Amino acid sequence: MIRALGNHNYRLWATADFVSVTGTWMQVLGLNWVVMARTGSATSVGLSVLLSTLPALLIGPWAGAIADRFPPRRIILAGQTTHLVIALLLAFMVWQDMPLATIYGLTALAGMVGAFESPALGRFAGQVVPRHDLGNALALGSIINSAGRVLGMSLAGVLAAAVGDALLFVLNAASFVAVIVTVLVIRTAELHPLAVAKAERAGVRAGVAYVRRSHVLIVLFTLGFVLSGLGRNYQVTMAAMAQGPLNSGAAGYGLLSSVFAVGTVIGGIIAARVRELTVPLLLGAAAVTSFLQTVSGFLPGMLGFGAVILPIAAGAVLIDTAKSTRLQLDSAEDMRGRVLSIDGAIAAAAGATGAPLLGWMCERLGASEALLVAGVVTLAATGVATLALQRARRRVVEPVLAASAA
């Protein structure tokens with residue numbers, strides 16, 4: 001289950017990732033709390049989140065083209081250094097109670113830096129382990145992200161109350177130092193280099209043309225959009241269920257969020273134990289979680305809903321890990337950065353459209369009915385994707401068999 005940890009470079013990278021994720025979630029909570037405390041508006045918090053995620057949607061493909069063209073270590077070092085400076089500036093602005101517009105501006109800048117850095121991080125993660133350990137490394141990464149999120153938000157809540165919000169941004173700045181040091185001391189001789197895009201295959205246009213020619217990538221991207229938009233935004237539907245049918249209030253919402261977090265850890269463990277994360281496994285997990293979503297809103301009480309939330313969260317992590325693994329292993333190495341950046345842009349678009357849509361459905365139809373409709377849509381999308389992938393496979397296999405027979 002932990003075979004990726006047998007690689008020295010991955011052990012360093014996983015440790016730095018845990019520190020970085022913990023710091024990031026401390027800053028996320030701190031930033032959301034500062035905005036809410038100053039404005040009293042959930043819409044303002046939503047604007048802050050939008051500013052941090054919008055750059056991935058707008059400039060993702062260009063970031064991927066850069067990651068495919070230049071060594072990822074340089075991009076990561078530049079990005080982490082910039083993040084460090086931004087975190088320190090945010091700490092100063094919060095401490096000095098500066099206008100919210102300046103904080104929004106830095107939030108957007110951090111989102112832009114993250115958009116450029118993300119595909120380089122994806123390529124570098126594929127270099128610290130051999131190809132056959134990549135799926136296991138991604139699964140362990142999901143566990144690390146879940147643990148870091150829980151720890152970061154827990155520490156942030158305690159520290160913000162004890163010493164103030166500004167310290168959260170300072171601690172996040174320190175977490176970037178851990179990543180910078182790791183990148184500098186990692187054993188370059190033990191890295192597994194990936195092909196770099198040559199001039200004729202460089203650029204956004206070449207990346208889009210490559211994706212358009214791959215029916216499998218198009219199907220995975222489309223299915224990922226539907227699943228992320230209508231099957232992943234449980235923060236919205238859990239809140240609606242807690243306020244509506246379950247009538248459990250904030251305490252119930254917090255309990256459901258904790259159950260969901262436990263489910264993500266379980267999902268990461270399952271993904272880490274699987275020898276090979278395949279497309280059929282992805283489709284099977286998508287079908288099961290979609291079915292569970294259709295019935296989740298109609299089960300009795302908090303216990304019934306929570307019992308279904310747990311496997312849904314585990315399935316979501318299994319789906320995301322399998323999809324990320326297939327996108328990286330089944331695409332050309334010199335296109336990997338652009339493939340990952342397109343996937344990130346699609347995920348950002350799904351989150352931006354899916355959450356408001358689910359919220360509207362919960363208000364118009366009711367939370368239980370919204371879960372039913374969304375589950376039926378994701379289940380249907382999974383079925384269509386299965387048929388499309390089978391057809392794409394036949395297009396590849398049949399000419400090969402015909403050539404062999406000739």
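In this predicted model, helix 4 is the main contributor to a nonpolar patch on the surface, giving 3 residues. The patch consists of W62, I66, F70, L109, M112 and F116, which together have about 550 Å² of accessible area. At least two of its residues come from helix 4 (100-125), and at least two from helix 2 (42-69). W62 is located in helix 2. In an α-helix, residues three or four places apart point the same way, because there are 3.6 residues a turn.

The loop between helix 3 (72-95) and helix 4 contains D97. The phi of D97 is positive, near 55 degrees, although the residue is not glycine. Most residues other than glycine have a negative phi. With a relative accessible area of 55%, D97 lies over the 50% cut-off and is therefore classed as exposed.

Nonpolar side chains tend to be buried together in soluble globular proteins. The largest nonpolar core of the model has 53 residues, and the members touching the most others are Y10, W13, V128 and F221. Helix 8 (residues 215-231) provides the largest share of this core, with 7 residues. A second core, separate from this one, has 21 residues, among them A240, F260, M361 and A374.

The surroundings of Y10 were examined further. When neighbours within four places in sequence are set aside, the contacts of Y10 are A4, L5, V128, V129, A137, L140, G141 and I144. N7 lies in the segment that precedes helix 1 (8-39). The relative accessibility of N7 is 18%, under the 20% cut-off, so N7 counts as buried. Excluding residues up to four places away in sequence, N7 touches V128, V129, P130 and D133. V128 and V129 thus appear in the contact list of Y10 and also in that of N7.

The geometry of helix 5 (residues 134-163) was compared with its expected span. This helix has 30 residues, and at 1.5 Å a residue it should span 44 Å. The expected value is 1.5 Å times one less than the number of residues. The C-alpha atoms at the two ends are 41 Å apart, which agrees with the expected span. Directly after helix 5 comes G164, which has a positive phi of about 105 degrees. Positive phi values are thus found at G164, just after a helix, and at D97, a residue other than glycine.

Key
Residues numbered from 1 in each chain as written. Predicted model: local features only at pLDDT ≥ 70, side-chain atom pairs only at ≥ 80, totals over all residues. Heavy atoms only, no water. Core = buried A, V, L, I, M, F, W, Y, C linked by side-chain atoms within 4.5 Å. Buried < 20%, exposed > 50% of the residue type's maximum accessible area, 1.4 Å probe, protein only. Helix = DSSP H or I, 4+ residues; strand = E, 2+ residues; numbered from the N terminus. Contact = heavy atoms within 4.5 Å. Patch = residues over 30% accessible without salt bridge, like charges linked within 9 Å, V, L, I, M, F, W, Y side chains within 5 Å. Areas by Shrake-Rupley, 256 points an atom, 1.4 Å probe, with all protein chains shown as cover. Salt bridge = Lys/Arg side-chain N within 4 Å of Asp/Glu carboxyl O.
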